[in-house]
Amino acid sequence: MEQNQLLNIRRELHQIPELGFQEFKTQAYLIDAIEQMGRENIAITKWETGLFVLVKGTNPKKTMAYRTDIDGLPIAENTGLPFASAHADRMHACGHDFHMTIALGTLDQISANPIEDNVLFIFQPAEEGPGGAAPMLKSEVFQQFEVDGIFALHIAPDLPVGTVSSRAGLLFANTSELFMDFTGKGGHAAYPHLTKDMIVTASTFVTQIQQIISRKVDPLDSGVITIGKMTAGTVQNIIAETARLEGTIRTLQPETMITIKQELERAIKGFELAYDCQIDVDYGANYYQVSNDQAYVDLFSRTVDAEGIQFKEANAAMTGEDFGYFLKEIPGFMFWLGVDSPYGLHHSQLNPNEDAIEVGVKAVTAMMRAL
Ligand SMILES: CC(=O)N[C@@H](CCC[C@H](N)C(=O)O)C(=O)O
């Protein structure tokens, strides 16, 4: 596939971002792009809104897998690009359009010049939530492939094009979504003493729980509690009866996630008593940490070096990735791909440099051939 075909694919995918498990257009687009390759050694199996695509090896002794995520985010794009999202309030703001394009470019290379072993390309829905990796991994169809090793990439806005980065051990954090519903008693703005004001309660709660991180987590360990959304109230002169907080918890250790949740629940009990209200908590989707295999990372660093791509040792990050579930069961690794964007992941102006697509295809194809 020529570079301009890959650019075209990236731009077309960029225009049709869809949320987790709603990736119908994306799935149809991917199937069409793969069928257009016209290769007899490719077998496509649909799974929900995702795909398993097997490239049969010439003399297979094992099956290696490469995984890309395919969903977009509920963000209104603000890049002003001519190929900006055509879906209102939806954007590929986490680079999954890049990830898919690189997977297609690699699939094209590997199927044109197959290696001895089988290669399974996994197009996984719902990485941003509620999580497609865990059910995909458990599916009967995936189990039949008997995958021996697996890897994946994620774009890195803060790294220059031509650079990749990874590390042995922990790369991405443990995550848990966090949804909390506060119920008190509404009423007239002039009579606060007759109400249980959930705006006051929920906003105090938001600031209070930051002390869980500073006072209950070992300073040499680490954690994050972010509340990204707060909804409450109706108009300016009515006291809010209900409030809803939506957020995420991140930890470097799985055990610290348990501690933070215990402390949150302790705070909830205290707030229910102190503010005479009810607080219901739901932890939504939880992702297991991404922990990389040392031997894979070493091989990758040597492989990309021989391709003229710069390898940098990464730090662990508090980003989450349900790819961690694959790595819990199968040896492999994940790496960052430099895309040099002034705006970061999950930003409405994220604009990765498209030159990175070629670098990604080169790195993934070379690694697949080296395994
Ligand atoms: C790479 C990346 O940005 N991943 C997401 C994963 C989201 C997990 C879940 N929805 C949560 O918010 O906990 C991230 O936000 O790190």
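Is F21 buried, partly exposed or exposed? With a relative accessibility of 26%, F21 counts as partly exposed; the classes are buried (under 20% relative accessible area), exposed (over 50%) and partly exposed (in between), computed with a 1.4 Å probe on protein chains only.

The structure is a predicted model, in which local features need pLDDT of at least 70 and side-chain atom pairs count only at pLDDT 80 or more, while totals for chains, interfaces and linings use all residues. Residues are numbered from 1 along each chain as its sequence is written, and side-chain values use heavy atoms, with hydrogens and water left out.

**Annotated positions**

The UniProt record, an unreviewed entry, places the feature "active site" at D69 and E128. Although these positions are spread over 60 residues of sequence, they cluster in space, with a largest C-alpha distance of 8.9 Å. From this set, E128 belongs to the lining of the largest pocket. On a 1 Å grid over the protein atoms alone, a pocket is an open set of points with protein on both sides within 12 Å along at least five of seven lines, and lining residues have an atom within 4 Å of a point. UniProt positions are given in the numbering used here, feature names are shortened, and annotations may be inferred rather than shown by experiment.

The same unreviewed entry is the source of the feature "domain: Peptidase M20 dimerisation" at residues 181-269. This span is 38% helix and 30% strand, and its end C-alpha atoms lie 13 Å apart. Helices (H or I, at least four residues) and strands (E, at least two) are DSSP runs, numbered from the N terminus.

**Surroundings of D69, E128 and Q124**

D69 is found in strand β3 (residues 63-69) and is buried, with a relative accessible area of 0%. Leaving out residues up to four places away in sequence, D69 touches H96, H99, M100, Q124, E127 and E321; contact means heavy atoms within 4.5 Å. The side chains of D69 and H96 also make a polar contact of 3.2 Å. A polar contact is a pair of N or O atoms within 3.5 Å; within protein, one must be able to donate a hydrogen and the other to accept it, and residues adjacent in sequence count only if both atoms are side-chain atoms.

E128 lies in the loop between β4 (118-124) and α4 (133-138). Its relative accessibility is 21%, so E128 counts as partly exposed. Beyond residues up to four places away in sequence, E128 touches D71, G72, L73, C94, H96, E177, Y287 and H346. H96 is thus named among the contacts of D69 and among those of E128.

Q124, one of the contacts of D69, is found in strand β4 and is buried at 0% relative accessible area. Its side chain is joined to that of R67 by a polar contact of 2.9 Å. Apart from neighbours within four places in sequence, the contacts of Q124 include T68, G132, M136, D322 and F326.

**Backbone geometry**

Most residues other than glycine have a negative phi, and most peptide bonds are trans. The table lists two non-glycine residues with positive phi.

| Residue | Phi | Loop | Relative accessibility |
|---|---|---|---|
| F21 | about 65 degrees | between α1 (3-14) and α2 (24-36) | 26%, partly exposed |
| E48 | near 45 degrees | between β1 (42-47) and β2 (50-55) | 56%, exposed |

The peptide bond from G129 to P130 is cis, with omega near 5 degrees. P130 is placed in the loop between β4 and α4, where E128 also lies.

**Other elements**

Y283 is found in the loop between β13 (278-282) and β14 (286-287) and is buried, with a relative accessible area of 16%. Its contacts, leaving aside neighbours within four places in sequence, are S176, E177, L178, I249, K261, L264 and E265. The C-alpha atoms of Y283 and G344 are separated by 26 Å, at 61 residues apart along the chain.

Helix α11 (residues 355-370) has 16 residues and reaches 23 Å from its first C-alpha to its last, close to the 22 Å expected at 1.5 Å a residue; the expected span is 1.5 Å times one less than the number of residues. Buried residues of α11 include A356, V359, G360, A363, V364 and M367.

The count of disulfides is 0, a disulfide being a pair of cysteine sulfur atoms within 2.5 Å. C94 is buried at 5% relative accessible area, and C277 is buried at 11%.

Key:
1 Å grid on protein atoms, 1.4 Å probe; cavity = no way out; pocket = protein on both sides within 12 Å on 5 of 7 lines; lining within 4 Å.
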